[in-house]
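Work through the exercises below with the sequence and the model at hand. Try each task before reading its solution.

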Amino acid sequence: TSTPIWALLIARLLTDPFWFFYQYWQVGFMQEKIGLTLAEVGKLMWFPPLVAVFGVLAVCWASDRLVSRGMEPTRARLTIIWSVTCLAPLVFLLPSVSNVYAAIGIMTIINFMCTAWLSMATIMMGGLAPRVAIATAIGVMSALGGVTSIIFNGFVGSIIDNFGYSMPIYAGATLHPLGALVLAVFFLRRKSLIARQESL
């Protein structure tokens, strides 16, 4: 049915804005909040995405291992999503950090969490959408996530000018937990309903 696809779309609509915000504003944050030069930012900011690449390879492997052990594929992807979302509270520490290495550490976590989310959501969509419409479904999901990100980031500049980085970071840090909650409410409820129907 299309209902699981809508649940996944809503989750991506909620979570994509923080990922886009992080990508667009990380350099400004490191310069304005941490006090690095642009050259220093360039020397350091290669590390978070590098770690994220290997982290995503690891969680994709873990997801496949869960499936090979008998877990239903969608549930395996959800398990990874819920697991990496547990890292989100660490993002709340970022506005209070002044040490460059602590900031890099938190940004590494952000990179890993967001890219793992994107990977698992894309894989999930591949399993939920009809075979003849998988590419279209993934394209629509990415496009809608891009729209909400554009709207979110359209306001961020003025917010940072008036209130600093804390407010958008605190707001953005809640988005992945909200997305995980949407998926949990729908898919766990759906599993309960299916089990109830099978028992009748």
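**Exercise 1. A core residue and its partners**

Task: Find which residues L183 is in contact with, leaving aside its neighbours within four places in sequence.

Solution. Use the cut-off first: contact means heavy atoms within 4.5 Å. Then list the partners. Beyond those sequence neighbours, L183 is in contact with A7, L8, A11, L78, I81, W82, W117 and L188.

Some ground rules apply throughout. This is a predicted model, where local features need pLDDT of at least 70, side-chain atom pairs count only at pLDDT 80 or more, and totals for chains, interfaces and linings use all residues. Residues are numbered from 1 along each chain as its sequence is written, and side-chain values use heavy atoms, with hydrogens and water left out.

Next, place L183 in the core. A nonpolar core is a set of buried Ala, Val, Leu, Ile, Met, Phe, Trp, Tyr and Cys residues joined through side-chain atoms within 4.5 Å. Buried means under 20% relative accessible area, exposed over 50%, and partly exposed in between (1.4 Å probe, protein chains only). The largest such core has 56 residues, and M30 and L183 touch the most other members. At least two residues each come from helix 1 (3-32), helix 3, helix 4, helix 5 (100-128), helix 6 (134-163), helix 7 (166-173) and helix 8 (175-199). Helix 5 gives the most, with 16 residues. Helices here are DSSP runs (H or I, at least four residues), numbered from the N terminus.

**Exercise 2. Two residues, buried or exposed?**

Task: Classify T15 and M107, then list their contacts beyond four places in sequence.

Solution. Start with T15, in helix 1. Its relative accessible area is 2%, so T15 is buried. The contacts of T15 are W117, L175, H176 and G179, leaving aside neighbours within four places in sequence.

Now take M107, in helix 5. M107 has a relative accessible area of 1%, so it is buried. With the same sequence exclusion of four places, M107 is in contact with Y22, Q26, F29, M30, M45 and P48. Check one pair by distance: the C-alpha atoms of M107 and Y22 are separated by 8.6 Å, with their positions 85 residues apart along the chain.

**Exercise 3. Helix 3 against helix 4**

Task: Describe how helix 3 and helix 4 cross, and sort the contact by class.

Solution. Fit the axes as lines to C-alpha atoms over the stretch in contact; angles run from 0 to 180 degrees between N-to-C directions. The axes of helix 3 (residues 47-68) and helix 4 (residues 73-85) come within 9 Å and cross at roughly 140 degrees. That makes helix 3 oblique to helix 4. Angles under 35 degrees count as roughly parallel, over 145 as roughly antiparallel, 65 to 115 as roughly perpendicular, and the rest as oblique.

Then list the contact. Helix 3 brings V59, A62, S63, D64, L66 and V67, and helix 4 brings P73, A76, R77, T79, I80 and V84. By class, there are eight nonpolar, two polar and two charged residues. Ala, Val, Leu, Ile, Met, Phe, Trp, Tyr, Cys and Pro count as nonpolar, Asp, Glu, Lys and Arg as charged, and the others, Gly among them, as polar.

**Exercise 4. An exposed residue in helix 1**

Task: Find how far apart the C-alpha atoms of Y24 and N153 are.

Solution. Y24 lies in helix 1. At 55% relative accessibility, Y24 counts as exposed. Its C-alpha atom and that of N153 are separated by 8.6 Å.
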